[in-house]
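Visitor: Could you take me through one part of this model up close, and then show me how the rest fits around it? I'm new to this, so please go step by step.

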Amino acid sequence: MLKFTKDHEWLRIEGDIATVGITPYAQEQLGDLVFVEVPEAGRAVERGAAAAVVESVKAASDVYAPISGEVIAGNAEIVKEPSLVNSDPMGKGWLFKLRIKDAAEIETLMNEDAYQELIG
Amino acid sequence: MSLQPSPAASRPLQRTPLYPLHAKLGARFVPFAGYEMPVQFPAGVLKEHLHTRAAAGLFDVSHMGQLALHPRRSLEDAAVALEALMPIDVLGLEPGRQRYGFFTNSAGGILDDCMIANLGDHLLLVVNAARKDADEAHLRAALSGRCTIERREDRALVALQGPAAEAVLAGLAPALRSMRFMDVRREKILGADCVVSRSGYTGEDGFEISIPAAQAEAFARKLLGDSRVAPVGLGARDSLRLEAGLCLYGSDLDAGTTPVEASLEWAIQKSRRAGGTRAGGFPGSDVILHELATGSARRRVGLRSQGRTPVRGGSTLYPDAQGETPLGRVTSGGFGPSVNAPVAMGYVARSATAPGTVLFADVRGNRVPVEVSALPFVRLNYKRDM
């Protein structure tokens with residue numbers, strides 16, 4: 001199941017695990033990424049709290065946790081090679097994986113059609 | 001994540017004569033100093049930056065102010081009058097030459113920085129877009145008795161920068177090959193009456209060309225028709241000037257910062273210093289001459305991150321990883337594509353200015369180690385000799 005947020009994140013939900021990244025639209029708006037910081041496994045994040053940082057030549061942007069949960073992995077590959085987020089934002093460019101704390105939070109996220117409508 | 005909001009302009013943004021061309025080239029626009037300016041083209045900031053250092057980048061800087069000072073009596077009289085506003089040797093600036101300068105206030109702070117060109121029968125100042133109204137008013141108030149001041153809104157300003165700039169521009173006007181760094185001259189290019197200077201804001205060899213607005217697009221199209229030339233936006237302009245150690249007014253310089261604090265003493269010629277033929281006589285001369293003799297309490301330095309974390313303007317600098325007493329502040333910073341590492345500039349206490357000094361920048365609550373470094377971060381490729 002694929003979900004989106006108004007803050008231009010995507011979530012791929014498989015069982016009680018959510019993989020989180022930024023959308024193609026977001027990477028396009030940010031431009032070439034030069035630095036990425038991802039959360040460490042074991043960290044508990046609350047919905048809406050800054051969980052990762054993506055930084056382009058232009059500016060740094062926080063990535064907020066779209067739902068609450070425990071981080072089970074940050075993507076070490078993109079820390080080494082930030083441009084993966086530009087070239088494959090919904091694949092190899094994922095940011096972190098969460099163990100979902102409250103499945104009800106998923107219900108409040110957007111589906112793909114709603115997200116496409118948001119970015120126009 | 002939060003993306004920058006699309007420009008919700010409180011007042012209508014102005015556009016340069018090259019706006020339609022930028023739009024056709026697929027530029028992404030941002031509001032900057034009241035103008036709708038291209039921040040990047042489809043190639044993106046990294047490629048635009050690297051292309052400028054490898055070949056040639058074309059920049060639209062028409063938002064900057066072009067202020068002509070036409071003397072009422074003589075050029076010398078106008079030059080002396082302008083010297084009352086800045087600690088610069090304007091009288092000694094030869095025809096066909098330009099130099100860097102800045103307006104100062106009574107506290108020795110910098111009101112704006114600019115280029116001053118001697119075109120033989122008048123002086124031409126190029127000033128920052130955000131300061132051009134204030135600069136014009138300042139000049140009118142101080143100099144109207146001795147000059148007429150003409151704001152050249154009828155002209156565009158483009159910069160062609162990079163190692164291929166000479167070959168490209170000389171293809172249209174061969175005589176420009178003989179220009180040296182900071183030469184300026186009138187030149188007809190594609191039938192347009194241009195004023196060309198060999199200067200720029202990237203650390204590379206290059207030219208800035210003032211051209212009648214109506215002829216700017218044809219000129220830009222001609223340059224872009226050369227495979228060595230690519231359009232470059234404000235994003236790469238900023239990373240290029242940062243690597244070259246050049247100041248951005250409003251970030252690295254402001255009315256509360258003196259030229260000595262800003263490490264710009266090199267721009268104050270001997271004639272305006274203590275013991276010079278026209279020593280002092282500019283706003284804030286007491287402060288600036290004193291600092292030239294004794295140094296300032298803080299100073300602008302280069303900063304290099306030891307890791308990969310970019311340190312941005314506004315970060316507080318500390319002498320240690322834990323302490324609560326800051327000793328400086330970052331004023332510009334980001335990733336330097338040619339250096340291939342984060343680079344920054346900032347102001348630090350005099351005790352911490354030695355290259356190699358390790359400081360700690362606060363980045364999102366973490367202390368990131370940075371090292372004081374000589375400026376510039378890249379080799380300057382100016383055409384100083386023929």
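Guide: Let's start with helix H4 of chain B, where B:Lys132, B:Asp135 and B:Leu139 are buried. Keep in mind that this is a predicted model. Those three buried residues cover an arc of only 60° around the axis, which puts them on the same side of H4(B). Now turn the helix around: on the other side, B:Ala137 and B:Ala141 are exposed. So what do the buried residues of H4(B) pack against? They meet a set of strands of chain B, namely S4 (65-71), S5 (98-104), S6, S7 (123-127) and S8 (147-151). You can also check the helix with a ruler. H4(B) runs over residues 132-143, and at 1.5 Å a residue its 12 residues should span 16 Å; the end C-alpha atoms are 16 Å apart, so the two agree.

One of those strands leads us into the core. Strand S6 (residues 110-118) of chain B gives the most to the largest nonpolar core, with 6 residues. That core has 99 residues, and the members that touch the most others are A:Val54, B:Leu82, B:Ile116, B:Leu123, B:Leu125, B:Val158 and B:Leu160. There's a general habit behind this kind of thing: in soluble globular proteins, nonpolar side chains tend to be buried together. Pick B:Val158 and look at its surroundings. Leaving out residues up to four places away in sequence, B:Val158 touches B:Leu58, B:Phe59, B:Asp60, B:Val61, B:Ile209, B:Ile211, B:Ala216 and B:Ala220. There is also a second, separate core of 19 residues, and B:Leu317, B:Val330, B:Val343 and B:Ala344 are among them.

Two of the contacts of B:Val158, B:Ala216 and B:Ala220, take us to another helix. The buried residues of H6(B) are B:Ala216, B:Phe219, B:Ala220 and B:Leu223. Looking down the axis of H6(B), you'd find these buried residues within an arc of 100°, so they line one face of the helix. On the other side of H6(B), B:Ala214 and B:Arg221 are exposed. The ruler test works here too: H6(B) covers residues 213-224, its 12 residues should span 16 Å at 1.5 Å a residue, and the end C-alpha atoms are 17 Å apart, which agrees.

Remember A:Val54 from the core list? That's a residue of chain A, so let's look at where the chains meet. Here 20 residues of chain A are in contact with 17 residues of chain B. On the chain A side, the elements giving two or more residues are helix H1 (24-30), strand S4 (33-37), strand S6 (50-56) and strand S7 (60-64). S7(A) makes the largest contribution, with 5 residues. Sorted by class, this side of chain A has 10 nonpolar, 4 polar and 6 charged residues.

Chain B has its own internal meeting place. It is divided into domain 1 (19-61 + 154-243) and domain 2 (297-386). Taken over C-alpha atoms, the centres of these two domains are 29 Å apart. Across the boundary, 15 residues of domain 1 are in contact with 17 residues of domain 2. On the domain 1 side, helix H2 (45-54) and helix H7 (234-243) of chain B each give two or more residues, and the largest share, 4 residues, comes from H2(B).

Let's finish with a few loops. B:Ala27 sits in the loop between helix H1 (19-24) and strand S1 (28-32) of chain B. Is B:Ala27 buried or exposed? With 22 other C-beta atoms within 10 Å, B:Ala27 is buried. Setting aside residues up to four places away in sequence, B:Ala27 touches B:His22, B:Pro38, B:Phe41 and B:Gly233. Now compare B:Gly356, which lies in the loop between strand S17 (341-349) and strand S18 (358-363) of chain B. B:Gly356 counts as exposed because it has 8 C-beta neighbours inside 10 Å. Last stop, back in chain A: A:His8 lies in the loop between strand S1 (2-4) and strand S2 (9-14). Phi of A:His8 is near 70°, a positive value in a residue other than glycine. A:His8 counts as buried, with 25 C-beta neighbours inside 10 Å.

Key:
Residues numbered from 1 in each chain as written. Chains lettered and ligands numbered in written order. Predicted model: local features only at pLDDT ≥ 70, side-chain atom pairs only at ≥ 80, totals over all residues. Domains from an automatic or database assignment. Contact = placed C-beta atoms within 7 Å. Nonpolar A, V, L, I, M, F, W, Y, C, P; charged D, E, K, R; others polar. Expected span 1.5 Å × (residues − 1). Buried ≥ 20, exposed ≤ 12 C-beta atoms within 10 Å, placed from the backbone. Arc of directions from axis to C-beta. Core = buried A, V, L, I, M, F, W, Y, C linked by C-beta atoms within 7 Å.
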